[in-house]
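Have the viewer open and a pencil at hand. These exercises take you through one structure step by step, and each comes with a worked solution.

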Amino acid sequence: MSRLSGAARRVVFAPLDDGAGRGEAVARRLAKAISLGLISDGEQLPSESELATALNVSTVTLREALSSLRSQGLVETRRGRGGGSFVRASPTALADRALARILESATTDLRELGDVHAAVSGAAARLAAERAAPDNVARLREVVDRFNAADSVEARRRLDGRYYIEVAAAAQSVRLTTQEFDIQAEVGAMAWIPARTALAPAAVAAAHHAAVAAIARRDAEQARALTERHVEALTQRLIEIHVDLARTAGGTRVP
């Protein structure tokens, strides 16, 4: 399974809904998708005209965004036959960005982000239990199985973020999927950065398997509760990482 489900993929290439700073907005949208692995490393982006039409921007604006992504090491453009723009995600650059983000955040910021994460992901799991089709459940199981079999932190990070987005897509809600997309772009990279207490892949897989099982048996409240509990534990870990990093760096952004 190399591509997102239809509902989730539509979020990546949905039209932008405002006219301010559109080149930056396009770059941010695509950078989020790349960082989450929603657009696969090595994948060719649609042609400039197709992508500009899908995002409801001019080709000039799109080229500005692609230039920004190239400067960030996230995209490369090839000329000639078989050319185009291709995703080239840099795990090192993404990890450095996550470290800076978690260090500059206060614990109150991380707690509030966790509250939003729990609310959105919990609601998505509850609605997925009520609305998911059999193919949605099969896709969720496949994502968790791939996560369990992944042999690198980078692969686990991407599949973990993809799991939450696919749950929201299974809830048949474009708005929830969009919100989860934004949350995972912010939380996902931070969750998997190296730290004193490593995130245990087996525990994450077990938590996701339990939530998917609840979704499959239509137990909406259990699916919500399991998801919220897992997110709360993750939030506490992010706060602990921030405190450790702040102390090591001599920072003060702990309160």
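The exercises below concern a predicted model, and they move from the overall fold to single residues and then to enclosed spaces.

**Exercise 1. The overall layout**

Work out how many helices and strands the protein chain has, and in what order they come.

*Solution.* Start with the count: the protein chain holds 11 helices and two strands. Next, walk along the sequence, where the pattern reads α-α-α-α-β-β-α-α-α-α-α-α-α. Then look at burial: 47% of the 255 residues count as buried. Finish with the contacts between residues at least 6 apart in sequence; 73% of these join residues at least 24 apart.

**Exercise 2. A pair of helices**

Find how the axes of helix α3 and helix α4 cross, and list the residues that make the contact.

*Solution.* First locate the two helices: α3 covers residues 48-55 and α4 covers residues 59-71. Their axes come within 9 Å and cross at roughly 105°. Angles of 65 to 115 degrees count as roughly perpendicular, so α3 is roughly perpendicular to α4. Now select the side that α3 brings to the contact, namely Glu48, Ser49, Leu51, Ala52 and Leu55. From α4 come Thr59, Leu62, Arg63 and Leu66. Sorted by class, this contact has five nonpolar, two polar and two charged residues.

**Exercise 3. Two residues with positive phi**

Locate Asn56 and Arg218, and decide for each whether it is buried, partly exposed or exposed.

*Solution.* Take Asn56 to begin with, in the loop between α3 and α4. Its phi is near 65°, a positive value in a residue other than glycine. The partly exposed class lies between the cut-offs of 20% and 50% relative accessible area, so Asn56, at 46%, is partly exposed. Turn next to Arg218, in the loop between α10 and α11. Here too phi is positive, near 65°, in a residue that is not glycine. Arg218 has a relative accessible area of 45% and is therefore partly exposed.

**Exercise 4. Two arginines in α8**

Determine whether Arg157 and Arg158 are buried or exposed, and trace what they touch.

*Solution.* Place the residues first: Arg157 lies in helix α8, and Arg158 lies in helix α8 as well. Buried means under 20% relative accessible area. With a value of 6%, Arg157 is therefore buried. Arg158 has 14% relative accessibility, so it counts as buried too.

Now list the contacts, leaving out residues up to four places away in sequence. Arg157 touches Ser35, Leu36, Leu94, Gly188, Ala189 and Trp192. Arg158 touches Ile34, Ser35, Leu36, Gly37, Ala89 and Leu94. For Arg158 and Ile34, which are 124 residues apart along the chain, the C-alpha atoms are separated by 9.3 Å.

Leu36 is worth a stop of its own. This leucine sits in the loop between α2 (22-35) and α3. Its relative accessibility is 2%, so Leu36 counts as buried. The C-alpha atoms of Leu36 and Arg157 are 7.6 Å apart, although 121 residues separate the two along the chain. Leaving out residues up to four places away in sequence, Leu36 touches Arg157, Arg158, Gly161, Ile165, Phe181, Gln184 and Ala185.

**Exercise 5. The enclosed spaces**

Find how many cavities of 30 Å³ or more there are, and what lines them.

*Solution.* Begin with the idea: rolling a probe the size of a water molecule over the atoms shows where empty space is left. The count comes to two cavities of 30 Å³ or more.

The largest cavity has a volume of about 40 Å³. Its lining consists of Tyr163, Tyr164, Ala207, His208, Ala211, Leu226, Thr227, His230 and Val231. The elements giving two or more residues to this lining are α8 (153-170), α10 (201-216) and α11 (220-249). Among these, α11 gives the most, with four residues. By class, the lining has six nonpolar, three polar and no charged residues.

The second largest cavity holds about 30 Å³ of space. Around this cavity you will find Leu110, Leu113, Gly114, His117, Val187, Val231, Leu234, Thr235 and Leu238. Helices α6 (107-131) and α11 each supply at least two of the lining residues. Classing the lining of the second largest cavity gives six nonpolar, three polar and no charged residues.

Conventions. Residues numbered from 1 in each chain as written. Predicted model: local features only at pLDDT ≥ 70, side-chain atom pairs only at ≥ 80, totals over all residues. Heavy atoms only, no water. 1 Å grid on protein atoms, 1.4 Å probe; cavity = no way out; pocket = protein on both sides within 12 Å on 5 of 7 lines; lining within 4 Å. Points joined across faces, edges and corners; volume = space filled by probe spheres on them. Nonpolar A, V, L, I, M, F, W, Y, C, P; charged D, E, K, R; others polar. Axes fitted to C-alpha atoms, helices over the stretch in contact; angles between N-to-C directions. Parallel < 35°, antiparallel > 145°, perpendicular 65-115°, else oblique. Contact = heavy atoms within 4.5 Å. Buried < 20%, exposed > 50% of the residue type's maximum accessible area, 1.4 Å probe, protein only.
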